[in-house]
Amino acid sequence: MPTFRDLLAAAKAEITEIDTATADTRIAAGGVTVLDVREPDEFDQGALPGVIHIPRGHLEAQIENRISDKSVPVIAYCAGGVRSAFAAKTLQDLGYTDVVSMAGGFGKWKDEGRAWKKPIVLTPDQRERYGRHLLLPEVGTEGQSKLLASKVLLLGAGGLGSPAALYLAAAGVGTIGIVDMDVVDASNLQRQILHNLDRIGDRKVDSAKKTITMLNPDVDVVTYDVRLEANNILDIIKDYDVIVDGADNFPVRYLLNDASVKLGIPVVHGSIFRFEGMVSVFDP
């Protein structure tokens, strides 16, 4: 019956190991995927920048969704080089053709003063809420953290702003600003899904804030119950990353165009008429 040492020796006999200096050189050159196979509590204490994190126990089940190209060069590491050796052997068995294990692991890497960072950690509630995003290789924890730190301004809480606000909030955009100086009317409810019967007569921005906050308490909703004019637009839009233009008149759209070009802020533009619609992005 083979012992643990026997299994480790057998795995190392079939894989390639590199030292931390070689790994550092290859990572700096680019074109390589770095795979961290430590446990979540270890990863939260610090990791190499830009890595993919899959705990060793979940590797077989998750790796093909996270690294779909089996020809891409992969450097696997753990705390000391043991789990990454087994991980490299597993990847080879799954058909990955260019996999190495970093001897010494993160412990040696850190002791040598090489670059590392403490990952952004989501709370357990956030991990559950955004679980479907975290499964996407293009989003993951890093992408979700960027969403939570982002700021989007909506012009209008009506037929265009309502669905945009709901989906931005559900996705976890951390700050949503809403500009609208209208009140909720019964005729709005057929399309302006931020509002409901109980809020007829309320300010639209107040109604929108209540709906968004009930959907996702992570979101900070900033309301502007004002008419956009030349003397206030720059102050309102200056701190936002993206502006969603759902305005219902041309003067405001032209005003937004001038202000967004001046400040270099991208605008997502939408408009509708009966059964026709248009959407575009203007990135100055």
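## Buried, exposed or in between

A residue is called buried when its relative accessible area is under 20%, exposed when that figure is over 50%, and partly exposed in between. Take aspartate 202 in this predicted model: its relative accessibility is 29%, so it counts as partly exposed. Lysine 210 has a relative accessible area of 45%, so it is partly exposed too. The side chains of aspartate 202 and lysine 210 meet in a salt bridge, at 4.0 Å from N to O.

## Helix α11 and what covers it

Lysine 210 is a good way into helix α11, which runs over residues 204-215. This helix has 12 residues and reaches 17 Å from its first C-alpha to its last, close to the 16 Å expected at 1.5 Å a residue. Which residues of α11 are buried? They are Lys204, Val205, Ser207, Ala208, Thr211 and Ile212. Look down the axis of α11 and these buried residues fall within an arc of 160°, so they line one face of the helix. Among the elements covering them are α10 (161-171), β7 (175-179) and β8 (220-224).

You might not expect a lysine in that list, but lysine 204 has a relative accessibility of 4%, so it counts as buried. Its side chain meets that of aspartate 182 in a salt bridge, with 3.6 Å from N to O. This pair links distant parts of the chain: aspartate 182 sits in the loop between β7 and α11, lysine 204 is in helix α11, and the two are 22 residues apart. Unlike its partner, which is buried, aspartate 182 is partly exposed, because its relative accessibility is 39%.

## Helix α10 next door

Helix α10 also has a set of buried residues: Gly161, Ser162, Ala165, Leu166 and Ala169. Seen down the axis of α10, they fall within an arc of 130°, so they too line one face of their helix. What do the buried residues of α10 pack against? The answer is β6 (151-155), β7 and α11.

Just past the end of α10 comes glycine 172, which takes a positive phi of about 95°.

## The largest nonpolar core

Now for another part of the model. The largest nonpolar core has 18 residues, and those with the most contacts inside it are Leu35, Leu59, Ile63, Ile67, Val74 and Leu91. Two elements, α4 (59-66) and α5 (83-93), give two or more residues to this core. The largest share, 4 residues, comes from α5.

Isoleucine 67 shows what the packing looks like up close. Setting aside its neighbours within four places in sequence, isoleucine 67 is in contact with Thr33, Ile52, Val72, Val74 and Tyr96.

## More salt bridges

Side chains of opposite charge can pair when their charged atoms come close. How many salt bridges are there in this model? The count comes to 13. One of them joins glutamate 17 to lysine 12, with the closest N and O atoms 3.6 Å apart. Glutamate 17 is at 34% relative accessibility, so it counts as partly exposed, and lysine 12 is partly exposed as well, with a relative accessible area of 32%.

Salt bridges can also be joined up: Glu14, Lys89 and Asp93 are linked in a network of them.

## Aromatic rings

The model has 3 aromatic pairs. One of these is formed by phenylalanine 106 and tryptophan 116, which are edge-to-face, at 5.9 Å centre to centre and with 85° between the planes. Phenylalanine 106 lies in helix α6 (residues 105-111) and tryptophan 116 in the loop between α6 and α7 (124-129), so the pair ties together parts that are 10 residues apart in sequence. Are these two residues buried or partly exposed? Phenylalanine 106 is buried, at 8% relative accessibility, whereas tryptophan 116 is partly exposed, with a relative accessible area of 35%. Ring pairs also bring in Tyr77, linking Tyr77, Phe106 and Trp116 into a cluster.

Finally, there is phenylalanine 4, which has its place in helix α1 (residues 4-14). Phenylalanine 4 is partly exposed, with a relative accessible area of 49%. Not counting residues up to four places away in sequence, phenylalanine 4 touches Val82 and Phe86.

Note on methods
Residues are numbered from 1 along each chain as its sequence is written. This is a predicted model: local features need pLDDT of at least 70, side-chain atom pairs count only at pLDDT 80 or more; totals for chains, interfaces and linings use all residues. Side-chain values use heavy atoms; hydrogens and water are left out. The expected span of a helix is 1.5 Å times one less than its number of residues. Buried means under 20% relative accessible area, exposed over 50%, partly exposed in between (1.4 Å probe, protein chains only). The arc is that of the directions from the helix axis to the C-beta atoms. Contact means heavy atoms within 4.5 Å. A nonpolar core is a set of buried Ala, Val, Leu, Ile, Met, Phe, Trp, Tyr and Cys residues joined through side-chain atoms within 4.5 Å. Rings of Phe, Tyr and Trp (its six-membered ring) pair if their centres lie within 6.5 Å; planes under 30 degrees apart count as stacked, over 60 as edge-to-face and the rest as tilted.
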